[in-house]
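Grab your favourite viewer and work through a few short exercises with us. Each one sets a task and then walks through a solution step by step.

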Amino acid sequence: MAETSNTMGDNLPQVEKGWAALRQHIILNKVTVGLWITRLVTILLTIDYIIPLFGSFYNNYYKILMSNAATSALRLHQRVPRLFQFNRQFLEHLFLEDSCHYLFYSLIFLYVAPVTLVLTPIFLFALIHFASYSLTLLDCLGQNYWWGARFCISLIEFRSRSLLRLCALSEIIILPFTVFLVFTGRAGLLTPFIYFQFLKLRLASQRNPFTRNVFYELRNGLSSVSSKPTVPIIVRQIIKGLLSLTQQMAPVRQ
């Protein structure tokens, strides 16, 4: 009993120290913690969109886009802390940032009817970054704190490359899907053209090569299919036309 009491007495200061370290970390990293919160909101709203328990899925869709816009704006503030300058150099630097791309993405679909596919990259990016920073917060509490949460985070990080590839594939597939949305009256005529510019920004991303890599893999796959003698001529011509159309989209591969 005496040994148990001593052990509990030794652990209590460690727990208190862990929470104090967490509070200190939050005070010193307000913006990063704010990003963690907005990503958590995005994840919860997406789950509620798929399984509507607390609100309308229609309202949740636009709340997810606004939450993603808030995350992108905060991240952009971190990456580009300088005041806005209306000159070419600043704008070029701004459009290189992935957070600027997804702020643009949210604004595009804020005026389009709800489409679940649009939420796929938003949810997956939020999940990956939320899990990564959650591990940092747990480390403030202690290396052995909440092992169950650490196990879930390790699973997400283990599959992070596959999730990023899925994000990239979603970004590419959405382009032809926006054309379908126009014909069904769920999007404006300019939506595919505006999204085309977004996809060009993603293909030129310096921090995330996954969209560019998946894009080249799809092009190579289609090219291989079109070269098979068993493929009908009409299908071959369609594929060649599609490859020619996308030829100018991607920058030179580095």
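The exercises below go from the whole chain to helix pairs and then to single residues.

**Exercise 1. Confidence and overall make-up**

Task: Find out how far the model can be trusted along the chain, and which elements the chain is built from.

Solution.
- Step 1: Keep in mind that this is a predicted model. The mean pLDDT of the chain is 83, and 87% of the residues reach at least 70.
- Step 2: Look at the extremes among the elements. Helix 2 (residues 30–50) has the highest mean pLDDT, 93, whereas helix 1 (residues 2–28) has the lowest, 61.
- Step 3: Turn to the start of the chain. The pLDDT stays below 50 over residues 1–12, and this stretch has zero contacts in the model beyond near neighbours in sequence.
- Step 4: Count the elements. There are 11 helices and zero strands, so the pattern read along the sequence is α-α-α-α-α-α-α-α-α-α-α, by the DSSP runs used here.
- Step 5: Add burial and contacts. The chain has 254 residues, and 39% of them count as buried. Among contacts with a separation of 6 or more, 70% join residues 24 or more positions apart.

**Exercise 2. Helix 2 against helix 3**

Task: Work out how helix 2 and helix 3 are oriented to each other, and what kinds of residue make up their contact.

Solution.
- Step 1: Take the axes. Those of helix 2 and helix 3 come within 9 Å and cross at roughly 160 degrees.
- Step 2: Apply the cut-off. Angles over 145 degrees count as roughly antiparallel, and helix 2 and helix 3 are therefore roughly antiparallel to each other.
- Step 3: Check the handedness. Helix 2 passes helix 3 in a left-handed crossing.
- Step 4: List some partners. The residues of helix 2 that take part include Val-31, Gly-34, Leu-35, Thr-38 and Thr-42, and those of helix 3 include Phe-57, Ile-64, Asn-68 and Leu-74.
- Step 5: Sort by class. The contact of helix 2 with helix 3 has 10 nonpolar, 10 polar and four charged residues.

**Exercise 3. Helix 6 and its two partners**

Task: Describe how helix 6 (residues 116–141) is crossed by helix 2 and by helix 3.

Solution.
- Step 1: Begin with helix 2. Its axis and that of helix 6 come within 8 Å, crossing at roughly 135 degrees.
- Step 2: Name the arrangement. An angle of 135 degrees falls outside the parallel, perpendicular and antiparallel ranges, and helix 2 and helix 6 are therefore oblique to each other.
- Step 3: Add the handedness and the residues. Helix 2 passes helix 6 in a left-handed crossing. Among the residues that meet are Trp-36, Leu-40 and Ile-43 in helix 2, and Phe-123, Phe-130 and Tyr-133 in helix 6. By class, this contact has 13 nonpolar, six polar and one charged residues.
- Step 4: Move to helix 3. The axes of helix 3 and helix 6 come within 11 Å and cross at roughly 35 degrees, and here too the crossing is left-handed.
- Step 5: List this second contact. Tyr-61, Ile-64, Leu-65 and Asn-68 in helix 3 meet Val-118, Leu-119 and Ile-122 in helix 6. Its classes are six nonpolar, one polar and no charged residues.

**Exercise 4. Four residues, buried or partly exposed?**

Task: Classify Asn-68, Val-33, Tyr-58 and Ala-149 by relative accessible area, and place each in its surroundings.

Solution.
- Step 1: Asn-68 lies in helix 3 (residues 57–79). Its relative accessible area is 9%, so Asn-68 is buried. Beyond four places in sequence, Asn-68 touches Thr-42, Tyr-102, Ser-106 and Ile-122.
- Step 2: Val-33 belongs to helix 2 and is buried because its relative accessible area is 8%. Its contacts beyond four places in sequence are Ile-26 and Tyr-133. Val-33 and Phe-130 are 97 residues apart along the chain, with 9.9 Å between their C-alpha atoms.
- Step 3: Tyr-58, in helix 3, has a relative accessible area of 42% and is therefore partly exposed. Ala-113, 55 residues away in sequence, is 8.8 Å from Tyr-58, C-alpha to C-alpha.
- Step 4: Ala-149 sits in helix 7 (residues 147–158). With 28% relative accessibility, Ala-149 counts as partly exposed. Its C-alpha atom is 8.8 Å from that of Ser-134, 15 residues apart in sequence.

Note on methods: Residues numbered from 1 in each chain as written. Predicted model: local features only at pLDDT ≥ 70, side-chain atom pairs only at ≥ 80, totals over all residues. Heavy atoms only, no water. Helix = DSSP H or I, 4+ residues; strand = E, 2+ residues; numbered from the N terminus. Buried < 20%, exposed > 50% of the residue type's maximum accessible area, 1.4 Å probe, protein only. Contact = heavy atoms within 4.5 Å. pLDDT = per-residue confidence, 0-100. Axes fitted to C-alpha atoms, helices over the stretch in contact; angles between N-to-C directions. Parallel < 35°, antiparallel > 145°, perpendicular 65-115°, else oblique. Left-handed = near helix turned anticlockwise from the far one by under 90°. Nonpolar A, V, L, I, M, F, W, Y, C, P; charged D, E, K, R; others polar.
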